[in-house]
Amino acid sequence: MAPPHVPEILLHLADEAHDLWQRTEDELAEIGLPPPFWAFAWAGGQGLARYILDNPSDVYGKRVLDFASGSGLVAIAAVKAGAAEVIAADIDPFCATAIRLNAEANDVRIKFLGSDCIGTDAGWDVVLAGDVFYDKSFADRLMPWFATLKSRGADIFVGDPGRSYLPKTGLEPLAVYEVAVTRALEDSLVKRTTVWRFA
């Protein structure tokens with residue numbers, strides 16, 4: 001199905017969000033696996049993908065890292081916008097399959113990186129990150145890494161629907177979207193989502 005805010009892209013998504021999320025979260029917790037973030041098109045990712053499709057010059061001809069890629073939505077948008085190379089990174093091993101299937105559904109090629117790349121630098125020109133500021137310890141790890149990449153010349157774009165740990169400074173707003181979401185996973189049917197560039 002196509003996420004509501006990015007109808008140009010098709011994804012394999014869960015259609016009964018709450019029941020699936022609750023069941024899989026409970027069952028996966030028993031065996032120590034993460035929740036299936038890859039099965040949903042989150043607001044930050046939808047907003048960031050929309051921005052990239054509408055502003056292709058930000059990624060055109062560039063090496064792009066889609067960090068915490070999940071379903072691969074933002075990575076697919078970057079390929080469609082003309083990025084020279086797109087690497088989708090996620091530590092959830094199920095994302096490798098989800099991203100491969102979603103890339104095939106959109107007839108695009110994406111490389112997958114299944115390791116924790118925080119603190120590394122493979123020379124990416126652009127780093128895209130949707131919905132990454134939901135956890136304080138995670139945000140605390142991201143900020144110095146993003147700052148280091150920014151200081152050496154990478155562009156960092158973040159899609160965020162007002163998550164609790166989004167930095168209060170150092171971000172330039174680029175676009176604001178009203179993104180339809182699943183009430184079972186969010187606290188509303190629409191999330192006001194901003195795309196930011198690290199300044």
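How far does helix H2 reach from its first C-alpha to its last? In this predicted model, H2 has twelve residues and reaches 16 Å, close to the 16 Å expected at 1.5 Å a residue. The expected span of a helix is 1.5 Å times one less than its number of residues.

## Basis of the description

Residues are numbered from 1 along each chain as its sequence is written, and side-chain values use heavy atoms, with hydrogens and water left out. Because the model is predicted, local features need pLDDT of at least 70 and side-chain atom pairs count only at pLDDT 80 or more, whereas totals for chains, interfaces and linings use all residues.

## Overall organisation

The chain contains five helices and seven strands. Helices (H or I, at least four residues) and strands (E, at least two) are DSSP runs, numbered from the N terminus. From that terminus on, the elements run α-α-β-α-β-α-β-β-α-β-β-β. Of the 199 residues in the chain, 52% are buried; buried means under 20% relative accessible area, exposed over 50%, and partly exposed in between (1.4 Å probe, protein chains only). Among contacts between residues at least 6 apart in sequence, 67% join residues at least 24 apart, a contact being heavy atoms within 4.5 Å.

## The sheet

The seven strands form an open sheet in the order S3-S2-S1-S4-S5-S7-S6, with mixed pairing. Strand S3 (111–113) and strand S6 (171–180) stand at the edges with a single partner strand each, so one side of each is left without a neighbour in the sheet. Neighbouring strands of this sheet are turned by 20° against each other on average, direction ignored. Two strands count as paired if DSSP finds at least two bridges between them.

S7 pairs with S5 in the antiparallel sense over four bridges, and nine bridges join S6 to S7, which also run antiparallel. Seven of the nine residues of S7 are buried, so S7 is largely enclosed by the rest of the structure. Some of the residue pairs that involve S7 are set out below.

| Residue | Partner in S7 |
|---|---|
| Phe157 | Arg197 |
| Val158 | Trp196 |
| Ala175 | Val195 |

At the S3 edge, Leu113 is found in strand S3. Leu113 is partly exposed, with a relative accessible area of 24%. Leaving aside neighbours within four places in sequence, Leu113 is in contact with Ile87, Ala88, Ala89 and Asp90. Leu113 and Pro93 are 20 residues apart in sequence and 9.7 Å apart in space, C-alpha to C-alpha.

## Helices H2 and H5

Helix H2 (residues 43–54) lies across S4, S5, S6 and S7 and runs at about 110° to S6. Axes are lines fitted to C-alpha atoms, for helices over the stretch in contact, and angles run from 0 to 180 degrees between N-to-C directions. H2 is mostly covered, since eleven of its twelve residues are buried. Among them are Gly44, Gly45, Gln46, Gly47, Arg50 and Tyr51. The buried residues of H2 pack against helix H3 (73–80), S4, S5, S6 and S7.

For the 16 residues of helix H5 (residues 136–151), a span of 22 Å is expected at 1.5 Å a residue; the end C-alpha atoms are 23 Å apart, which agrees. The buried residues of H5 are Phe138, Ala139, Leu142, Trp145, Phe146 and Leu149. These buried residues pack against strand S1 (63–67), strand S4 (126–130), strand S5 (155–160) and strand S7 (190–198). H5 is followed by Gly153, whose phi is positive, near 115°.

## Nonpolar cores and cysteines

A nonpolar core is a set of buried Ala, Val, Leu, Ile, Met, Phe, Trp, Tyr and Cys residues joined through side-chain atoms within 4.5 Å. The largest such core has 36 residues, of which Ile9, Val64, Ile110 and Leu128 touch the most other members. Elements that give two or more residues to this core are H2, H3, strand S2 (85–89), helix H4 (94–105), S4 and S6. Apart from this core lies another, of 24 residues, among them Ala89, Cys117, Ile118 and Ala129. Not counting residues up to four places away in sequence, Val64 touches nonpolar and other residues, including Val59, Ala78, Glu85, Ile87, Trp124 and Leu128.

Cys117 is buried at 3% relative accessibility, and Cys95 is buried with a relative accessible area of 1%. The structure holds zero disulfides, a disulfide being a pair of cysteine sulfur atoms within 2.5 Å.
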